[in-house]
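Me: I would like a close look at a single part of this protein, with the terms explained as they come up. Please take it slowly and keep the account connected.

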Amino acid sequence: MPPVFSSQFNNNLHLAIDQGGQSTRVAIYTAAGQQICAYSSPCATQHSRAADSAYPHIEQNGAAILAGIRDSLHSIQQYLGADVQYIASAGFAGQGSSLLCWNNHTGDALTPVLSWQDIRGEPYLAQFLLDNQELQQLTGLRLSPHYGVSKMRWCLEHSSAVIAAQHNHCLSIGPIVSYLFWHLLDRPRTQHTKSVIDPGHAQRTLLWNLQRNEWESTLLEHFKIPRAVLPECLHHNSHFGDLLVGDHSIPFTACARDQGASLFARGLPQADCVYINIGTGAFIQRLSDKLQAPDGLLVSPLWFPESKHQQTFYAWEATVNGAAAAIDFMQEQTGLAITPANINAALELNPAGDCYLLNAVGGLSAPYWRTDLQSHFSQGLSPQEKILAWIESVIFQIVINVQLMNSLGPVQKIIISGGFSKAGAVCQKIADLTRANIHRSDNADATLQGTACMAAGLPESWKPLIQEDVFVPQENPVLLQRFACWQGAMQQWLST
């Protein structure tokens, strides 16, 4: 039997969609941030390699993702019944750099979804004329095949269906959010063939001007991407269209990248906080009103509102590769299974001598940005010490990036999540080195929750109950010594 909400919820529910790499989740929240219900559908990823390609193709099925969202929306309609009328707004968060091509007359997908992990378009970046500093001034990002533009160029040259659609003036290319919105949202009939996009997803194409919130003509020209095939750039809180759930039409009022949306899970992000998620890699963000970040950090649009009376916020970003992504490498190097028990046992070690890993698994990322280096350990380490060195290599690089973000003012609190943060010793070491309190919460729904908060208009009433553990900085001279040793080894390594 569907629940019947009391009058306090009247027009005070908000729908959120989180389209991730492994699943799509759809949920309903109250204006205080309380989750009412949630449904999910899996997203399969296919790996293949064409005979004429040096790169693996990593793809998903756009139509299947769309069907999964519709199934979840139907489940919400069934759960709420007549109370679906209380949903006042909807928002979306998704994979920033995954994209596809579709026919904007019929809606048919012309290609699979090319995952952000798919770098088949890398050769198109070889002749790029701007250096990374110039590119970052335009876009906030550095040159990378993980972003959308090289995938777009590949599709325009290698897909016969895309080539035919372009010839027939019915081609659209964009992040998956634009394809999903084309299908899910009602827009004025005169705009039916057009697709739309928010600033966060637009940036991850590497074609978007960070300062003007529009496509950058010099980049379009260089990469030979026709402006006509791209979505229209809106704002994070634009009216993207209307979503029909049953007979109820819901204004779609927010859209953002998943990592950016997660910062709003507790409401407007705090200026003196750093937000860290450690999973396959580590992702580090800090709210800023400044467009220029220290060398080595990226800048992303976090909140670009429509009204000029509302403040614009950026996120300073850093990524650290080689966290869980290095598990296979570590198992080869140690001969041990990388289990939570072995990780926790290694973290109890406290060697006084050299014990470090120069970690280039997946490429050495922020703030160094090198892809030409090979990982190596200090000499004479036992298998357990190698595990410690690996975990601390991730911690040390996180700390370097947090120190760069201190140019905005000292960090008072770090909010941490992700699989590696389940090890209390990891949180404690970061606290000891940054001298900031670490707040750990295992909120698997942070992106959903943040998306709903954005859709609701960032209300002051958004105060969800969050359980967390707090780690207070302690004196740890031996850890500081290993950190200094690692920094010295890094300087030598980077000079090679």
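With which strand does β7 pair, in which sense, and over how many bridges?

Reply: This is a predicted model, in which local features need pLDDT of at least 70 and side-chain atom pairs count only at pLDDT 80 or more, while totals for chains, interfaces and linings use all residues. Residues are numbered from 1 along each chain as its sequence is written, and side-chain values use heavy atoms, with hydrogens and water left out.

Strand β7 covers residues 99-103 and pairs with strand β9, residues 171-175, in the antiparallel sense over five bridges. Strands here are DSSP runs of E with at least two residues, helices are runs of H or I with at least four, and both are numbered from the N terminus; two strands pair if DSSP finds at least two bridges between them. Within this pairing, asparagine 103 of β7 stands opposite leucine 171 in β9.

The strand is mostly covered, since five of its five residues are buried, where buried means under 20% relative accessible area, exposed means over 50%, and partly exposed lies in between, with a 1.4 Å probe and protein chains only. Leu99, Cys101 and Asn103 point one way from β7, whereas Leu100 and Trp102 point the other way, and all are buried.

The loop between β7 and β8 (113-114) holds leucine 110, which counts as partly exposed because its relative accessibility is 22%. Leaving aside residues up to four places away in sequence, leucine 110 touches Cys101, Trp102 and Asn103, and also Ser159, Ala161, Val162, Ala165 and Leu171; contact means heavy atoms within 4.5 Å. Leu171, one of these, is the residue opposite asparagine 103 in the pairing of β7 with β9. The C-alpha atoms of leucine 110 and serine 160 are separated by 9.1 Å, although these residues lie 50 places apart along the chain.

For context elsewhere in the model, an open sheet of seven strands runs in the order β3-β2-β1-β6-β16-β15-β10, with mixed pairing. Its edge strands, each pairing on one side only, are β3 (35-42) and β10 (185-186). In that sheet, strand β1 (residues 13-19) and strand β2 (residues 23-30) pair in the antiparallel sense over seven bridges, and alanine 16 has alanine 27 in β2 as its bridge partner.
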